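User: I would like to learn how to read a ligand site and unusual backbone geometry in a protein model. Could you guide me through one example?

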Amino acid sequence: MCGIIGVTGSADALAVIMEGLSRLEYRGYDSAGVALQDGGKVWTRRRAGKLAELVEAVGDAPARATAGIGHTRWATHGRPDDRNAHPHTDCTGRLAIVHNGIIENHAALRAELEGTGHTFASDTDTEVLAHLIESHLDVGMDLAAAVRATLAVAQGAFAVAVIHAGDPDLIVASRRVSPLIIGRADGLGLVGSDIPALLGQTRELYAVDDDQLVEMRADSFRITTLDGAEVEPRPLRVDWDLEQAEKGGYDDFMLKEIHEQPRAVADTLLGRVTPGVGLSLDQTRLDDGELREIDKVFIVGCGTSYYAGLAAKYAIEHWTRLPVEIDIASEFRYRDPVLDRNTLVVGVSQSGETVDTLQAMRHAKRWKAKVLVITNVVDSSMAREGDAVLYTRAGPEIGVAATKTHLAQLVAMEVLALYLAQLRGTLYPDEINDLIHQLHRLPEDIARVLESNDHIEAVAEQCKGVRDFFFLGRHVGYPVALEGALKLKEIAYLRAEGYPAGELKHGPIALIEEGTVVVGVANRGHLLDKMLSNVAEVRARGASVVLVSTEGDEATAALADHVLTVPDSHELFAPVLTVIPLQLFAYHLAKARGNDVDKPRNLAKTVTVE
Ligand code: AGP
């Protein structure tokens, strides 16, 4: 949720930290702060608001500081103001800490510490860690030992980085659940919450696993478990470069990422779906023998990833005849689902770090289910912990609203569905070959949909005064409607309800009135006639209608005020195309309303707290 960076051994630690924070800001951005080693003291500066506020406030930072830590915050405890911004310090001001996560037993720890004379300066859970470390330093421990002792009693999720004026070369960092990586360059040691923060300095990165502790110095580093056992550093493979993480000429990362979708889908299919050759999933650690034993599938995720899973359910059930349950991750682990060793649990997460999905995967493993993770981030926590991983290869996604990773998830799960069908013999080889050819054509068709960007912008312009939207779909059009509504909510801040069109008459149709805009997913498919009847019902009640339809479908176009077309495709692949006009519709409405689409209010790219 929050972003962390730390550096030691730099000629200009402040510059390295500020550059890293600028790449982290998308993870959390209600405040930011920095702490620098300052010749036997620690200098800190914290500011509420976007990073620009902090940039203005560091003009009097100590020159030539060689080590320090920085943070961008998304509030969980305490208001997003200056005093709750990180870094937090102990009573002496000689120790500073940045933290991502939640310390669940912070209230009890705080009461104990206040009882022994510690004075708190913020409302955060993080500050208890600063004072606890201080209390261990007071009894003679060194910094690493004090952090170890502190984290042994901390409950919850954390990634932390700590500096102390008494050891100016050292950063101590650790994690449990929340992400943390480290980097090395010539005479430079780095810690960070994610890859883009460190890529500007180095490509030599290493993973840090749960309950490990890093002692990072300018010319050396050491990883140990919280129990003190040495850990061999595990290099992290990085496929991304800095240029990939920049806007590439578009106004926003989101628009750039929408236009990267043909590439994202092609890369996700690459080597897995080859016309004339067949299907291959041999880089996923999947065991065909175990997969043949599977008798039930669960798909688990949050938000946009959940909707990708909902669309995939239709394909997996249709092609494999396996029953598929679909769950929102935060519900899954608490509802006691029926799992055993023949259950396949598919965890879908762009980041691979979303805490609800991560904990759902852990729950499934405890019940001996096979866990397959679908994620975009190589070596993310879920990727490491799953029994198998199928990487979407969409490249870094910076915009908070997921777009290209959603399409990549959809096609990754279509491939999985076909692979399972092939293994189980539920489709004939020529049917699979035909579907492989159709999958292979998708990047081209996606590019065609993107050509209607200007038309969609014009339609959005005409809808910019509307405040209430309904998104309707049937069959695989239903998850597309849900995703279209979510996009509009999260970046345009407009009320948007996604519904299965057949459910409308059971209540929500009461809300339809003159001026309501209904967006219908009405591409060609076996339920199109029923969908069009539902469209006629809302039109009769005064709604304006925007329809996503298949190119050339005149009867559908005749029922709409505005038509957004997509090329014809296999019905089960259609969500990969029909969702794109809805992404662009939300994008242009948000821009027309003057919103910051890359950093929508109240949202963070990766939700690492429950
Ligand atoms: C999508 O636009 C949202 N940012 C959000 O719903 C997101 O999909 C959800 O938080 C899940 O994230 P994940 O894919 O990284 O697990």
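Analyst: We shall discuss the ligand and then the backbone of this predicted model.

User: Which residues are closest to the ligand, and how many surround it?

Analyst: One begins by listing the shell of neighbours. Here 14 residues surround the ligand, and the closest are Ser-305, Ser-349, Gln-350, Thr-354 and Glu-490. By character, the shell comprises five nonpolar, seven polar and two charged residues.

User: Where does the ligand lie relative to the domains?

Analyst: One asks which parts of the chain contribute to the shell. Domain 2 (244-440) and domain 3 (450-592) both contribute residues, so the ligand lies between them. Helix H10 (303-320) and helix H18 (477-492) each provide at least two shell residues. The ligand sits in the largest pocket.

User: Which distances should I inspect for Ser-349, Ser-351 and Thr-354?

Analyst: Inspect those from polar side-chain atoms to oxygen atoms of the ligand. The distance is 2.6 Å for Ser-349, 2.7 Å for Ser-351 and, for an N or O atom of Thr-354, 2.5 Å. The protein covers 92% of the 410 Å² of accessible area that the ligand has on its own.

User: What is usual for phi and for peptide bonds?

Analyst: Most residues other than glycine have a negative phi, and most peptide bonds are trans. In this model, a cis peptide bond joins His-86 and Pro-87, with omega about 0 degrees. Pro-87 belongs to the loop between strand E4 (67-73) and strand E5 (88-89). Asp-336, although not a glycine, has a positive phi of about 60 degrees. Asp-336 lies in the loop between helix H11 (329-332) and strand E19 (343-349).

How values were computed: Residues numbered from 1 in each chain as written. Predicted model: local features only at pLDDT ≥ 70, side-chain atom pairs only at ≥ 80, totals over all residues. Heavy atoms only, no water. Near = heavy atom within 4 Å. Polar contact = N/O pair within 3.5 Å; in protein donor to acceptor, adjacent residues only side chain to side chain. Areas by Shrake-Rupley, 256 points an atom, 1.4 Å probe, with all protein chains shown as cover. 1 Å grid on protein atoms, 1.4 Å probe; cavity = no way out; pocket = protein on both sides within 12 Å on 5 of 7 lines; lining within 4 Å. Sits in = over half its atoms within 2 Å of the grid points. Helix = DSSP H or I, 4+ residues; strand = E, 2+ residues; numbered from the N terminus. Nonpolar A, V, L, I, M, F, W, Y, C, P; charged D, E, K, R; others polar. Domains from an automatic or database assignment.
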